[in-house]
Amino acid sequence: MGLEVHLQLATSSKIFSGSSTAFGGAPNSQACYIDLAMPGTLPVFNELALRCAVMFGLGIDAEINKISVFDRKNYFYPDLPKGYQISQLHHPIIGRGTFDLFLGDKTIYQIGITRAHLEEDAGKSVHSHFDKESGIDLNRAGIPLLEIVTDPDFRSSAQVISYLKALHILVTYLGISDGNMAEGSMRCDVNISLRKQGVDSLGTRTEIKNINSFRFIERAISFEINRQIDILEDGGEIIQETRLYDSELDETRSMRSKEIANDYRYFPEPDLLPIHITDDYISKIRNSMPELPLAKRSRFIETYDITEYDADVLISSREIADYYEEVVTTCMNSKLAANWIQTELLAKLNKSEQSISESPVSAKKLGLLLSKIVDETISGKIAKQVFSEIWSTGEDPLLLIEKRNLKQMDDSSEIESIVQTVIDQNADQVKQYLSANEQKRKKLLGYFVGQIMKSSNGKANPKAVNQILSDKLSEQP
Amino acid sequence: MPITPKQIIQISNLARIKIEQDQVHLLTEKIGEIISFVDKFKTIDTNEIEPLFNPLDAIQKLRFDEITEIDESENFLGIAPSVRKNLFVVPKVID
């Protein structure tokens, strides 16, 4: 399988005009005379779209072509006012590169990036509310896209999904796209072909267009693979065609339009001059690049001594990574911070459908709370109570610990008296303990500790409790 | 023959230019002549020559990313033959 991903670049105006690219505007309110192909208009290229493309090229260590050229891709369709799409065929902005995938088993799987080129999006056809007609909204016409094309290197839908996820992380780190699949900022076409085991050359491919969620991608791929297997096993032939995935029927089917021999009669766009990129321009962009996800991943594993799994979760967005690092600097315990962010914070955010930037508990507050576990002022159990309280009240964790008198009991005389009371109240169990074997003793110890923690409201320092308890029990006659 | 009648029909379809059946032969001949004329370029030795992307010796000027256009949809929709719900209405598009 090979992929073509259309990525909407994070510009505020269109690639060749000054219309807004904002999502959700009233139909046709963001389409100017250039987007509508009025006679006499000329496109002017948006510098930010160029910068985004170069950043992507640097991000995957690809060739960046110093000269690149726009071409016209000609076809007639109602959502394409000019009768051609401005794209790049022979001289794309980004040439060959590679994309490293970690597939969870510590091996790196490399995906070849064939190319990435700039182009404009087309408009949108609206079919609902129309019977024998269609409505056209040209707000999307002229939205800047980077089409990222891979080699046919994927062997499973799991690889496809992990590539798309990693790509999503990369482009959001770079800030070149919001990667929002639901709003069409990241769309994916999958080219699928089969080959018999042991055969080198791939069979005829079909292309599945415009699938816009991870779940649908997986389903569309498995449907299409099975469809092709059935045809081939029945001795049939695969027709090279474009197919559309229907998520309601969970099937792919042939697209009837656009199919008459994909002959786009490309030629160089005469309205736009070639783009020249200088080394200076590239090195300025290189110097402004943020730390990339994979670099961050290795740094986290090395500096913070956390597992690969933890690192993958923590780098999954720049916001989570930044949050984590702030918590670590405050509490000075990288593993504790990693655990808490995953099991407490992200779980809670997930439940309330909030992103980490909307978290009611700031990184600073969580860091301070954890620092109190680190210095043994409170136990992990108490910390969880404090966490859920500051989650809803926004209170300062240190003040809350003070106010509620949640500090761990370190005073040994206080603990001693509780331990003594528990021993006195459980004379039977103490007898059993004294006559029991090693294994049974452990169980009974657990019982005593439980009782002691209960009567201290969970505040007794467990280390001190264990020490005092075993001393006291050994003193028993 | 530099171009076949079948190709002429295919190109006219792609370009949405309607040609009558009795014109196909004439067009094949005329366009064939043009292609033969242009094909003379192929005999020129271009081994040492850098490809030219554009006849103008200039590079693309870039635009700063800012919104400069306002909503003029009323004007644009006003000159369209058919409009509903702020959409341009066209014959049914089937995908």
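Domain bounds, as used here, come from an automatic or database domain assignment. In the predicted model described in this passage, that assignment divides chain A into domain 1 (2–192 + 260–284), domain 2 (291–403) and domain 3 (412–475). Taken over C-alpha atoms, the centres of domain 1 of chain A and domain 3 of chain A are separated by 68 Å.

Chain A contributes an open sheet of 8 strands, in which the order is 6-7-10-1-11-12-13-14 and the pairing is mixed. The edges of this sheet are formed by strand 6 (97–102) and strand 14 (251–254) of chain A, each of which pairs on one side only. From one strand to the next, the twist averages 30°. At the edge occupied by strand 14 of chain A, this strand is joined by 4 bridges to strand 13 (residues 242–246) of chain A, and the two run antiparallel; within this pairing, Arg243(A) has Ser254(A), in strand 14 of chain A, as its bridge partner. Helix 1 of chain A packs on the sheet, where it touches strand 6, strand 7 (108–120) and strand 10 (144–150) of chain A, and the direction of the helix makes about 165° with that of strand 7 of chain A.

Helix 1 of chain A also enters into the description of the nonpolar interior. The largest nonpolar core comprises 66 residues, of which Cys52(A), Ala53(A), Phe56(A), Leu146(A) and Val190(A) touch the most other members. To this core helix 1 (residues 47–59) of chain A gives the most, with 8 residues. When residues up to four places away in sequence are not counted, Cys52(A) touches Leu9(A), Ala10(A), Leu146(A) and Ile176(A). A second core, separate from the first and made up of 31 residues, includes Tyr324(A), Leu366(A), Leu370(A) and Ile390(A). As a general background to such groupings, nonpolar side chains tend to be buried together in soluble globular proteins.

A contrasting environment is found at Ser352(A), which lies in the loop between helix 8 (334–351) and helix 9 (363–374) of chain A. Because a residue counts as exposed if 12 or fewer other C-beta atoms lie within 10 Å of its own, Ser352(A), with 10 other C-beta atoms within 10 Å, is exposed. Between Ser352(A) and Glu119(A), which are 233 residues apart along the chain, the C-alpha separation is 38 Å.

Chain B contains 3 helices and 3 strands, and its elements follow one another from the N terminus as α-α-β-α-β-β. The radius of gyration of chain B is 23 Å, well over the 12 Å that the globule rule gives for 95 residues, so chain B is more spread out than a compact globule. Along the principal axes, the C-alpha atoms of chain B fill a box of roughly 55 × 45 × 25 Å, and buried residues account for 7% of the 95 residues in this chain.

The two chains are linked through a further open sheet, in which 4 strands are arranged in the order 8(A)-9(A)-3(B)-2(B) with antiparallel pairing. Its edge strands are strand 8 (124–126) of chain A and strand 2 (83–84) of chain B, each pairing on one side only. The junction between the chains is made by strand 9 (residues 133–137) of chain A and strand 3 (residues 87–91) of chain B, which run antiparallel and are joined by 4 bridges; here Ser134(A) has Val90(B), in strand 3 of chain B, as its bridge partner.

How values were computed:
Residues numbered from 1 in each chain as written. Chains lettered and ligands numbered in written order. Predicted model: local features only at pLDDT ≥ 70, side-chain atom pairs only at ≥ 80, totals over all residues. Pairing = 2+ DSSP bridges. Buried ≥ 20, exposed ≤ 12 C-beta atoms within 10 Å, placed from the backbone. Rg over C-alpha atoms; globule rule 2.2 N^0.38 Å. Core = buried A, V, L, I, M, F, W, Y, C linked by C-beta atoms within 7 Å. Contact = placed C-beta atoms within 7 Å. Axes fitted to C-alpha atoms, helices over the stretch in contact; angles between N-to-C directions.
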